[in-house]
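Subject: Structure handover

Hello,

I am passing on the structure we spoke about, with notes on what turned up in it. Please look it over before reading the rest.

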Amino acid sequence: MLFALGLGGDVIAVTHECDYPDGARELPRVTRDVLPAGLSSAQIDAAVKERTLAGESIYELDVDILSDLRPDLIVTQALCSVCAVSYDDVRQIAEEIETHPQVISLDPHTLGEVLGDARTIAKATDRRDAAIELVRDASARIDRVRLAVRGARRRPRVAALEWLDPPFAAGHWTPQLIDYAGGADVLGFPGEPSEERSWDDVRLAEPDIVIVMPCGFDAALAYREAEMHRDQLAAVGAGEVVAVDAAAYFSRPGPRIVDGLELLAHIIHPELVESAPGEALAVDV
């Protein structure tokens, strides 16, 4: 979002998860993952639940590096305790930094709120015109997708899975994206958090399409996860199972979720939306 608003030259540090655009990869990283490497999906889920119940984050902030960088503004999020350093920790640390940086915490639950965050950041950084242009461009692309699928003969039933062991139904903006792309989300609810479900829940929802989008995973990792859960996915009985790059297009509330909308429309209605950013890897079940 910051780079999209023309602020790339002002960004002095990022999290260890920030990998887009390329310029973000070259910046100091002020967070780290406290979970050990090599855990399975089930082990990650268990570790996250354990730390969340204990009031602990799975990420830590490198206070020394952040203090040395002397930021004027820290942009964080309180949307998901699993996905970021604790907001309370950030506020406390900001008060101790010599520059006393302003802290903006983003908490979007819908597509509109994600775009609204561009205005929030723009207000704090004097990028009003850039935000207007970003929102205008995103809105035009959203409208093009909605118009393209308006004439569809049917709305396929779609199950978007944000995790597989255990299964989680994708929430927040994803059900809204599915609706705009001409599908009917059979598990998630727009604006509501992702929710743990059972494989029986997924099967009984009778989806035509299952989209595998594990939170933070790219398409290759999502495909590998789908292959590891091939039997469960096959038992759902969907006519199509695809794996997508959630890290790029769905997990993060930034400008590229509009790319995610275009990708969904291509998956759900390839006859109406012939191409899209990214790729959808078909899973043979």
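Which backbone oxygen lies 3.3 Å from a polar atom of the side chain of Arg29? In this predicted model, the backbone oxygen belongs to His16.

Arg29 itself sits in a loop, with helix H1 (22–25) on one side in sequence and strand S1 (31–33) on the other. Arg29 has a relative accessible area of 40% and is therefore partly exposed, as this value falls between the 20% and 50% cut-offs. Beyond its neighbours within four places in sequence, Arg29 is in contact with Val14, Thr15, His16, Cys18 and Ile65. For Val14, there is also a backbone distance: its C-alpha atom is 5.0 Å from that of Arg29, although the two residues are 15 apart along the chain.

Cys18, one of the contacts of Arg29, leads to the cysteines. How many disulfides does the structure hold? The number is zero. A disulfide would be a covalent bond between the sulfur atoms of two cysteines. Cys18 is partly exposed, at 24% relative accessible area, and Cys215 is partly exposed as well, at 29%.

Next is strand S5, residues 157–164. Of its eight residues, seven are buried, so the strand is largely enclosed by the rest of the structure. Its pairings are as follows:

- With strand S9 (residues 209–212), S5 runs parallel, joined by four bridges; Leu161 stands opposite Val212 there.
- With strand S7 (residues 184–185), S5 pairs in the parallel sense over two bridges; Val158 has Asp185 as its bridge partner.
- With strand S6 (residues 167–169), the pairing is antiparallel, over three bridges; Trp163 is matched with Phe168.

S5 and S6 also form a hairpin, with two residues between them. As background for viewing these strands, side chains in a regular strand alternate between the two faces of the sheet.

The last residue in these notes is Gln176. Is Gln176 buried or exposed? Gln176 counts as buried because its relative accessibility is 15%, and the cut-off for buried is under 20%. Gln176 is found in helix H7, which covers residues 174–180. Outside its neighbours within four places in sequence, Gln176 is in contact with Thr110, Leu111 and Pro190.

Regards

Key: Residues are numbered from 1 along each chain as its sequence is written. This is a predicted model: local features need pLDDT of at least 70, side-chain atom pairs count only at pLDDT 80 or more; totals for chains, interfaces and linings use all residues. Side-chain values use heavy atoms; hydrogens and water are left out. Buried means under 20% relative accessible area, exposed over 50%, partly exposed in between (1.4 Å probe, protein chains only). Contact means heavy atoms within 4.5 Å. A polar contact is a pair of N or O atoms within 3.5 Å; within protein, one must be able to donate a hydrogen and the other to accept it, and residues adjacent in sequence count only if both atoms are side-chain atoms. A disulfide is a pair of cysteine sulfur atoms within 2.5 Å. Two strands pair if DSSP finds at least two bridges between them.
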